[in-house]
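Me: I would like to go through this model step by step, with each answer reasoned out before the value or name is given.

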Amino acid sequence: MRVLIACEFSGVVRRAFRALGHDAWSCDLLPAEDGSEFHAQMDVMLLLEDKPDWDLMICHPPCTHLAVSGARWFKNKGPEMNSALFFVRFLLEAPIKHIALENPVSIISSKIRKPDQIIQPWMFGHGETKATCLWLKNLPNLVPTNIVEGREARVHRMPPGPNRWKERSRTFSGVAEAMATQWGGPA
Ligand SMILES: C[S@@+](CC[C@H](N)C(=O)[O-])C[C@H]1O[C@@H](n2cnc3c(N)ncnc32)[C@H](O)[C@@H]1O
């Protein structure tokens with residue numbers, strides 16, 4: 001299967017799919033953190049301009065101007081919100097048969113549509129809370145793989161610093177493995 005992981009610098013989801021034999025690529029404006037050759041460092045909108053022969057795309061667009069946790073700033077950032085929503089719509093409407101888009105609880109729900117599913121890391125082997133919404137096209141809801149005890153919010157323990165956003169936004173490996181196993185199908 002040809003799989004595009006849009007807006008991924010970490011390679012966590014890409015590696016989960018490649019481990020199962022899929023032809024998976026990540027794409028981000030940033031370089032691949034793991035130095036992988038299976039990474040396109042570019043604007044995913046340009047990448048998708050080429051005839052997309054992808055079977056599945058999993059998207060992690062930035063939530064900075066969309067997350068409800070930043071709601072108190074909304075009234076001052078209309079243009080940023082509109083361009084973030086434009087990007088989300090562009091990804092959801094890409095001519096690819098199977099699409100998943102993830103974001104925290106966000107205004108995507110009120111401005112575009114409600115998510116198909118809300119997952120938590122503790123459903124996939126990580127003892128942490130972080131509500132993550134999934135908007136799905138031609139994909140089944142993810143089935144929890146390993147429900148564990150422990151309901152810590154890791155992000156609150158992270159020290160401030162320039163890389164905090166990266167640690168906060170990195171996809172959990174248990175979620176990535178569930179995506180690859182349940183959405184990958186035969187390689
Ligand atoms: C919330 S982070 C997602 C991180 C991801 N979960 C991971 O594990 O790497 C959003 C990412 O989108 C990237 N991004 C923003 N606009 C983009 C664009 N037009 N094309 C490609 N990547 C983009 C950012 O550089 C950032 O790394």
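Me: Which residue in β7 does I118 stand opposite?
Reply: In this predicted model, β6 and β7 run antiparallel and are joined by 3 bridges. Within β7, the residue that stands opposite I118 is C133.

Me: In which sense do β5 and β7 pair, and over how many bridges?
Reply: One position to look at is L101, which stands opposite W135 in β7. The pairing of β5 with β7 is in the antiparallel sense, and the number of bridges is 5.

Me: How many of the residues of β7 are buried?
Reply: A residue counts as buried when its relative accessible area is under 20%. By that criterion β7 is mostly covered, and the number of its 6 residues that are buried is 5.

Me: Which elements are included in what covers the buried residues of α6?
Reply: The buried residues of α6 are G174, V175, A176, A178, M179, A180, W183 and G184. In a helix of this kind there are 3.6 residues a turn, so residues three or four places apart point the same way. The cover over the buried residues of α6 includes α1, β4, β5, β6 and β7.

Me: How far apart are the end C-alpha atoms of helix α6, given that its 12 residues should span 16 Å?
Reply: The expected span is obtained by taking 1.5 Å times one less than the number of residues, and for the 12 residues of α6, residues 173–184, this gives 16 Å. The separation of the end C-alpha atoms agrees with that expectation, because it comes to 15 Å.

Me: Which residue with a positive phi follows α6?
Reply: The phi of the residue that follows α6 is near 65 degrees, and that residue is G185.

Me: How much of the accessible area of the ligand does the protein cover?
Reply: Of the 17 residues around the ligand, those that come nearest are S10, D28, D43, V44 and S169. A nitrogen atom of the ligand is 2.9 Å from an N or O atom in the D43 side chain, and a ligand nitrogen atom is also 2.8 Å from a polar backbone atom of S169, while a backbone N or O atom of F9 lies 2.9 Å from a ligand oxygen atom. Taken on its own, the ligand has 600 Å² of accessible area, and the share covered by the protein is 90%.

Me: Is G161 buried or partly exposed?
Reply: G161 is found in the loop between β7 and α5, and its C-alpha atom is separated by 25 Å from that of C59, 102 residues apart along the chain. Because its relative accessibility is 40%, G161 counts as partly exposed.

Key
Residues numbered from 1 in each chain as written. Predicted model: local features only at pLDDT ≥ 70, side-chain atom pairs only at ≥ 80, totals over all residues. Heavy atoms only, no water. Helix = DSSP H or I, 4+ residues; strand = E, 2+ residues; numbered from the N terminus. Buried < 20%, exposed > 50% of the residue type's maximum accessible area, 1.4 Å probe, protein only. Contact = heavy atoms within 4.5 Å. Pairing = 2+ DSSP bridges. Near = heavy atom within 4 Å. Polar contact = N/O pair within 3.5 Å; in protein donor to acceptor, adjacent residues only side chain to side chain. Areas by Shrake-Rupley, 256 points an atom, 1.4 Å probe, with all protein chains shown as cover.
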